[in-house]
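Take a walk through this fold, strand by strand, and then into its open spaces. Keep the sequence beside you as you read.

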Amino acid sequence: MKVDGGCHCGLIRYEAVVDPGRAMVCHCSDCQTLSGTAFRTVVPALEFRLLAGQPKVYVKTAESGNQRQQAFCAECGTPIYSGAVSGTPAYFLRIGSIRQRAELPAKSQVWCRSALGWLQDLKDLPQTR
């Protein structure tokens with residue numbers, strides 16, 4: 001599936017090809033902290049091309065010792081992707097930065113042991129438009 005997206009302020013724009021069947025939710029504590037919310041939704045990019053701007057990259061070292069790039073807009077802070085620090089480039093796009101995000105429902109969840117318990121209760125909360 002061809003997608004396009006970018007950051008909130010418009011400084012960064014990209015296009016990519018993704019496999020919608022691999023969209024996922026990650027509940028790990030790093031994703032909670034880096035996203036500023038309860039989980040992060042991602043989809044791996046089969047192809048990725050920046051059209052405008054250059055993201056700022058922060059390298060995070062996991063408990064395992066693995067390092068991952070965390071790319072975001074230095075102006076507005078929108079998370080764009082994560083990827084390996086070395087080797088073949090692989091991009092895990094942040095679904096919130098993809099314009100077609102409504103067409104990318106999560107197909108799996110990872111690091112569920114770190115999931116916040118109250119997530120199961122969201123369907124029971126009052127809803128407004």
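Two strands pair if DSSP finds at least two bridges between them. Helices (H or I, at least four residues) and strands (E, at least two) are DSSP runs, numbered from the N terminus. The model is predicted: local features need pLDDT of at least 70, side-chain atom pairs count only at pLDDT 80 or more, and totals for chains, interfaces and linings use all residues. Residues are numbered from 1 along each chain as its sequence is written, and side-chain values use heavy atoms, with hydrogens and water left out.

Start at E2. E2 pairs with E4 in the antiparallel sense, over six bridges. Arg13 sits opposite Ala52 in E4. E2 also runs antiparallel to strand E1 (residues 2–6), joined by five bridges. Here Gly5 stands opposite Tyr14. Six residues lie between the strands of this E1 and E2 hairpin, and Gly10 takes a positive phi near 90 degrees.

Now look at the side chains. In a regular strand they alternate between the two faces of the sheet. E2 shows this alternation: Tyr14, Ala16 and Val18 point to one face and are buried. Buried means under 20% relative accessible area, with exposed over 50% and partly exposed in between (1.4 Å probe, protein chains only). Arg13, Glu15 and Val17 point to the other face and are not buried.

Where do the buried side chains of E2 go? Tyr14, Ala16 and Val18 belong to the largest nonpolar core, which has 18 residues. Such a core is a set of buried Ala, Val, Leu, Ile, Met, Phe, Trp, Tyr and Cys residues joined through side-chain atoms within 4.5 Å. Those three, with Val43, Phe48, Leu93 and Ile98, touch the most other members. Strand E2 (13–18), E4 and strand E7 (79–84) each supply at least two core residues.

Turn to the open space. A pocket is an open set of points on a 1 Å grid over the protein atoms alone, where a 1.4 Å probe fits, with protein on both sides within 12 Å along at least five of seven lines; lining residues have an atom within 4 Å of a point. The largest pocket has a volume of about 600 Å³, the space filled by probe spheres set on the points, which are joined across faces, edges and corners. Of its 23 lining residues, Cys26, Cys28, Asp30, Lys60 and Trp111 are closest to the centre. H1 gives the most to this lining, with four residues.
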